[in-house]
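Q: Could you walk me through this structure? I'd like to start with any internal space and then move on to the surface and the charged side chains.

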Amino acid sequence: MEEKTISGVHQLCLIALMSAVMCLIGPLSIPIGEVPVSAATLIIYLTVYLLGTKMGTISCIIYLLLGFAGLPVFSGYTAGAAKLLGPTGGYLIGYIFMALICGLFMEKSGYKMLWCITGMIIGTAVLYLFGTVWFIALTKCELGYAVTVCVAPFIIGDLAKIILSELAGREVRKRLKAAGLLGWR
């Protein structure tokens with residue numbers, strides 16, 4: 001079967017669509033302390049699964065830029081430079097690294113389930129590392145405190161999001177590809 005490519009306009013529309021989904025779902029969060037539980041990671045996993053590394057990461061960057069510009073798209077409907085550059089901003093900026101890592105694992109493995117899950121786990125670990133180092137640098141807290149507040153409460157939920165992303169992403173991607181909407185892979 002001949003692989004077809006999609007136009008630049010089609011790519012831009014897909015990037016804009018997934019950025020919009022991030023903007024709609026990203027603010028939904030549960031405040032549990034200094035770092036809220038957010039659905040943003042789930043949407044980023046799915047975005048990269050559907051669009052690939054390059055377009056998924058661009059969607060994530062657009063989401064962050066919209067929040068930086070003042071659109072209330074971050075957890076709890078917050079926005080602005082203070083949020084992005086504040087103590088929890090490292091987790092937001094870490095989304096870029098997470099998207100890149102997840103996407104590379106997915107694409108290089110041909111979307112094999114084990115490698116996709118591995119990529120999402122490693123990407124999330126890098127997100128935790130980047131965000132926690134940022135948090136420590138800005139709050140001057142101890143590593144133990146930062147891990148207790150910023151990492152430990154999220155591990156089980158993020159593992160659940162990874163499994164959900166793998167199952168849903170695989171099915172949605174298959175259907176979009178069959179419909180000719182993801183014809184570049």
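A: Before the lining is sorted by residue type, a word on the classes: Ala, Val, Leu, Ile, Met, Phe, Trp, Tyr, Cys and Pro count as nonpolar, Asp, Glu, Lys and Arg as charged, and the others, Gly among them, as polar. Please also keep in mind that this is a predicted model.

Q: Fine. How many cavities of 30 Å³ or more does a search of the whole structure find?

A: The search of the whole structure finds one cavity of 30 Å³ or more, and about 280 Å³ of space lies in the largest cavity.

Q: Which elements give two or more residues to its lining?

A: Those elements are helix H2 (40-68), helix H4 (89-108), helix H5 (113-139) and helix H7 (155-178).

Q: And which residues lie nearest the centre of that cavity?

A: Val35, Pro36, Ser38, Tyr91 and Tyr95 lie nearest the centre, out of the 20 residues that line the largest cavity.

Q: How does the lining divide into nonpolar, polar and charged?

A: The lining of the largest cavity holds 12 nonpolar residues, five polar ones and three charged ones.

Q: Switching to the outside, which residues make the nonpolar surface patch?

A: Ile58, Ile62, Leu66 and Leu71 make a nonpolar surface patch of about 280 Å². One of these residues, Leu66, has its place in helix H2, and with a relative accessible area of 33% Leu66 is partly exposed.

Q: Why does Leu66 count as partly exposed rather than buried or exposed?

A: Leu66 has a relative accessible area of 33%, and because buried means under 20% and exposed means over 50%, a value in between is called partly exposed.

Q: OK, salt bridges next. What does the count come to?

A: The count comes to four salt bridges. As background, side chains of opposite charge can pair when their charged atoms come close.

Q: What about Glu166, which partner does its side chain meet?

A: The side chain of Glu166 meets that of Arg170 in a salt bridge, at 2.6 Å from N to O. Both residues lie in helix H7, where they are four residues apart, about one turn of the helix.

Q: Are those two buried or exposed, or partly exposed?

A: Glu166 counts as buried, at 1% relative accessibility, whereas Arg170 counts as partly exposed, at 31%.

Q: Which residues are linked in a network of salt bridges?

A: Glu171, Lys174 and Arg175 are linked in such a network. Glu171 forms a salt bridge with Lys174, with the closest N and O atoms 3.4 Å apart, and the side chains of Glu171 and Arg175 also meet in a salt bridge, at 2.7 Å from N to O.

Q: Where do those partners sit along the helix?

A: Glu171 and Lys174 are three residues apart in helix H7, so about one helical turn separates them. Glu171 and Arg175 are four residues apart in helix H7, and they too are separated by about one helical turn.

Q: And how accessible are the members of that network?

A: Glu171 is partly exposed, with a relative accessible area of 30%, while Lys174 counts as exposed at 52% relative accessibility and Arg175 is exposed with a relative accessible area of 57%.

Q: Last topic: where is Ile15 found, and is Ile15 buried or exposed?

A: Ile15 is found in helix H1 (residues 8-25) and is buried, with a relative accessible area of 7%.

Q: How far apart are Ile15 and Glu142 in space?

A: Ile15 and Glu142 are 39 Å apart, C-alpha to C-alpha, and 127 residues apart in sequence.

Terms used: Residues numbered from 1 in each chain as written. Predicted model: local features only at pLDDT ≥ 70, side-chain atom pairs only at ≥ 80, totals over all residues. Heavy atoms only, no water. 1 Å grid on protein atoms, 1.4 Å probe; cavity = no way out; pocket = protein on both sides within 12 Å on 5 of 7 lines; lining within 4 Å. Points joined across faces, edges and corners; volume = space filled by probe spheres on them. Patch = residues over 30% accessible without salt bridge, like charges linked within 9 Å, V, L, I, M, F, W, Y side chains within 5 Å. Areas by Shrake-Rupley, 256 points an atom, 1.4 Å probe, with all protein chains shown as cover. Buried < 20%, exposed > 50% of the residue type's maximum accessible area, 1.4 Å probe, protein only.
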